[in-house]
Amino acid sequence: MSSPTTAATTAWQTAPLLVQGVELECLRAGQGAPLLVLHDQEYLNTEWPYLDALAEHFEVLVPSHPGFGRSALPEHFDALDDLVYVYLDLLRALERRLVRLAGFGFGGWIAAEMAVRCTHDVDRLLLVDAVGIKVSEPTTRDVADNFVLDAEALLEATWHDPGLGARTMKLPGPKVPEDDLIALLRNRQAAALFGWKPFMHNPKLRARLRRIDVPTLVAWGESDRLVSADYGRAFAAEIPGATFELIPNAGHFPYLEQPDAFVQRVLPFLSR
Amino acid sequence: MLAYHFTEMPYPYVPEEVEKEYKSARVIVPNSYCDPKIVAELYERYLDDYVYADELGLEIMLNEHHQTMTCLDVTVPLSAAALIQRTKRAKICILGSPLPHRDNPVRVAEELAMLDCMSRGRIISGFVRGVPTEIQPANTNPVLTRQRFEEAHDLIVRAWTTPEPFNWEGRFWQHRYVNVWPRTYQQPHPPIWITGSTPDSVTWTAERQYTYACFLTPYEWTEGLVNAYRQRSAELGFPEPGPDKFAYLALCYTAETDEEAADYGKNLLWYLYRERHPQLNAPPGYLPPQVLAKQILGTAGKAYRDSFEQLQEKGIVLAGSPDTMIEKITYLHERCNIGHLLMMNHAGFMSPEKTRRSMELFAKEVYPAIKHLGAQPSGKSEALALA
């Protein structure tokens with residue numbers, strides 16, 4: 001059997017989405033049931049093969065969150081639920097077709113907050129190395145302070161193989177073209193705007209996870225040192241019936257570091 | 001021209017290798033390196049220097065920083081309160097209250113009003129946004145400091161100028177009864193100063209006709225900001241801004257000769273040469289992405305590693321014999337319309353004797369020759385209020 005991520009290059013459409021009057025940069029490809037992918041803090045990049053593989057099975061939508069990449073940021077947005085309601089409205093705008101909702105890292109936090117509010121438009125929920133809850137006692141940082149890490153330390157924390165990360169990820173630096181650099185810096189700015197305090201979590205979310213009433217898979221890179229697999233287990237334990245799966249040889253971005261293994265794990269769940 | 005004595009109250013005894021290890025002099029250097037017995041000595045010494053400034057006829061400037069060996073003054077109202085009790089005449093310029101980082105602007109309004117009454121109107125109230133390394137100690141959202149600053153300012157000024165209880169339901173702060181006791185001694189409120197180094201902040205300040213203070217900017221940068229203030233004032237129909245609207249902070253050292261000033265004045269550079277952590281100094285969103293991108297791609301930014309000579313050329317260091325100082329300060333005044341000279345007369349390991357000798361020489365041999373600058377009204381400009 002061929003690798004699921006070696007298919008022909010997918011033609012991604014880049015027409016922006018308009019939700020609640022907010023113009024969002026968005027990648028869109030494929031046919032079938034809609035799959036909404038809520039990205040982490042990293043920059044969108046169509047060369048990432050896991051998206052191509054998913055687009056063979058679903059109509060994949062990958063918007064940049066408000067304030068990230070090239071998406072607009074309304075002046076009054078300053079809390080995570082501003083993003084949550086944008087995406088709940090997007091689900092509603094998809095005309096009540098049941099949506100597979102996937103959230104990675106920071107996007108996993110958004111997805112979990114959406115699911116505790118309303119799952120009327122959601123068929124299944126996939127959370128990957130998600131942040132958003134507080135697990136440990138106050139003096140332990142559940143989520144490493146990525147804003148204080150330099151590029152090298154950030155790759156150490158987020159990749160099983162930091163060398164591969166350095167070749168794969170686009171990070172802010174003097175060699176990046178100005179337009180892309182601004183988009184990357186907007187990601188950092190927006191992540192801080194929505195996740196600064198409390199740092200990358202909502203103290204109330206953990207107790208609310210019990211409200212999630214759709215099939216849920218919590219997948220985690222085994223080597224994630226930004227937010228540990230134990231944190232992932234605690235996340236899954238609060239969601240009724242959720243399954244937890246480790247992806248070996250992967251850090252915080254298993255879909256980038258082990259795209260084949262990632263797609264093999266999540267596809268059966270999403271396709272059911 | 002009014003001259004102000006200033007020290008940031010450093011604790012210079014952390015070994016340099018520790019600073020290098022942490023890549024920082026701020027936020028994360030463990031406080032195990034802080035000896036409170038030494039701190040007690042330092043507070044006494046720094047306050048004594050301020051009292052001496054009062055005796056010499058100089059004004060006083062205070063500031064605050066947090067979690068840092070570079071500044072032991074952690075809250076300006078405390079040092080100001082101490083100095084009000086020990087000084088007789090000096091203006092006490094608080095530069096400033098870091099508005100985005102204070103939890104409650106109404107308390108800021110109250111504290112400043114109390115200080116203003118205790119000092120019988122000697123307070124100048126500076127408001128600052130706070131340097132990037134203040135973000136972590138206060139854990140303020142770095143993206144919203146400008147917005148928090150503006151709302152806190154609006155609330156404080158309203159609290160000072162409203163003679164009855166009022167309601168405030170803003171974006172960041174909500175109060176149902178704001179009714180500050182005491183009222184400020186100076187009416188309608190103490191003079192307000194704003195620090196800044198960007199066109200945005202100077203425009204905002206000009207719109208309110210506050211005094212704008214530039215810290216350690218080169219001549220042409222300072223001049224550009226002053227001209228931006230002038231331009232905005234003219235657009236709004238305000239009179240041509242006089243020197244009372246502009247303050248400049250420089251590292252200052254006066255000695256008998258230029259050689260001696262250069263020799264000992266180099267100790268001031270301790271302040272500039274501290275380790276600056278690349279991430280703690282650039283929290284996400286503190287600068288707009290467009291501005292930060294330009295810095296990363298390699299142009300802008302302050303020159304913290306300039307040599308003593310370069311810093312003198314740029315006007316960031318003002319050092320020399322009394323005659324040289326008169327010449328340099330006159331040039332600064334004429335080129336940049338500066339009416340308030342904020343003198344960082346001390347940094348790092350500078351001894352009390354040397355610091356005081358410089359202050360004394362300045363007060364006796366330089367100040368009398370520059371004090372008149374900007375004091376005479378010219379055209380529509382306002383004269384400096386010489387106490």
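1. Let's start inside chain B, with a reminder that this is a predicted model. The buried residues of helix α4(B) pack against five elements of chain B: α3 (76–86), β3 (92–98), β4 (123–128), α6 (145–161) and β6 (174–178). The residues of α4(B) that count as buried are B:P105, B:V106, B:V108, B:A109, B:E111, B:L112, B:A113, B:L115 and B:D116. Look for B:E111 and B:D116 in that list, since both are charged.

2. The length of α4(B) checks out too. This helix covers residues 105–118, and its 14 residues should span 20 Å at 1.5 Å a residue; the end C-alpha atoms are 20 Å apart, so the two agree.

3. Just ahead of that helix, have a look at B:L99, in the loop between β3 and α4 of chain B. Its relative accessibility is 1%, so B:L99 counts as buried. Setting aside residues up to four places away in sequence, B:L99 touches B:V108, B:F127, B:V128, B:F149, B:A152, B:H153, B:I156 and B:W173. As for distance, B:L99 and B:S233 lie 134 residues apart in sequence and 25 Å apart in space, C-alpha to C-alpha.

4. Next, a helix pair in chain B. Helix α2(B), residues 36–56, and α3(B) have axes that come within 10 Å and cross at roughly 50 degrees, which makes α2(B) oblique to α3(B). The crossing is right-handed. On the α2(B) side the contact is made by B:L47, B:D48, B:Y50 and B:V51, and on the α3(B) side by B:A82, B:L83 and B:R86. Sorted by class, that contact has five nonpolar, no polar and two charged residues.

5. A second pair is worth a visit: α7(B), residues 199–208, and α8(B), residues 219–235. These helices pack at an angle of about 40 degrees, with axes 9 Å apart, which makes α7(B) oblique to α8(B). Their crossing is right-handed. From α7(B) the contact uses B:P199, B:V202, B:T203, B:T205, B:A206 and B:E207, and from α8(B) it uses B:L225, B:A228, B:Y229, B:R232 and B:S233. The mix here is six nonpolar, three polar and two charged residues.

6. Staying with α8 of chain B, B:E235 sits in this helix. With 48% relative accessibility, B:E235 counts as partly exposed. The C-alpha atoms of B:E235 and B:M325 are separated by 35 Å, while the two residues are 90 apart along the chain.

7. Further along is B:T324, in helix α12 (residues 322–336) of chain B. Its relative accessibility is 15%, so B:T324 counts as buried. Neighbours within four places in sequence aside, B:T324 is in contact with B:D258 and B:A319.

8. Over to chain A, where helix α3(A), residues 106–117, is largely enclosed by the rest of the structure, because eleven of its twelve residues are buried. Those buried residues are A:F106, A:G107, A:G108, A:W109, A:I110, A:A111, A:A112, A:E113, A:M114, A:A115 and A:V116. At 1.5 Å a residue this helix should span 16 Å, and its end C-alpha atoms are 17 Å apart, which agrees.

9. Helix α2(A), residues 80–93, passes the length check as well: its 14 residues should span 20 Å, and the end C-alpha atoms are 20 Å apart. Buried in α2(A) are A:L80, A:D82, A:L83, A:V84, A:V86, A:Y87, A:L88, A:L90 and A:L91. After the helix comes A:E95, whose phi is positive, near 60 degrees.

10. Now for some backbone details to click on. Most residues other than glycine have a negative phi, and most peptide bonds are trans. B:V27 goes the other way, with a positive phi near 70 degrees; B:V27 lies in the loop between α1 (16–22) and α2 of chain B and is buried, at 14% relative accessible area. B:L216 also has a positive phi, about 55 degrees. This residue is in the loop between β8 (211–215) and α8 of chain B, and with 10% relative accessibility B:L216 counts as buried.

11. Finally, where are the cis peptide bonds to look at? One joins A:K197 and A:P198, with omega about -5 degrees, and A:P198 is in the loop between α6 (178–195) and α7 (205–208) of chain A. Another runs from B:Q187 to B:P188, with omega near 5 degrees; B:P188 is in the loop between β6 and β7 (192–195) of chain B.

Definitions and conventions:
Residues numbered from 1 in each chain as written. Chains lettered and ligands numbered in written order. Predicted model: local features only at pLDDT ≥ 70, side-chain atom pairs only at ≥ 80, totals over all residues. Heavy atoms only, no water. Axes fitted to C-alpha atoms, helices over the stretch in contact; angles between N-to-C directions. Helix = DSSP H or I, 4+ residues; strand = E, 2+ residues; numbered from the N terminus. Parallel < 35°, antiparallel > 145°, perpendicular 65-115°, else oblique. Left-handed = near helix turned anticlockwise from the far one by under 90°. Contact = heavy atoms within 4.5 Å. Expected span 1.5 Å × (residues − 1). Buried < 20%, exposed > 50% of the residue type's maximum accessible area, 1.4 Å probe, protein only.
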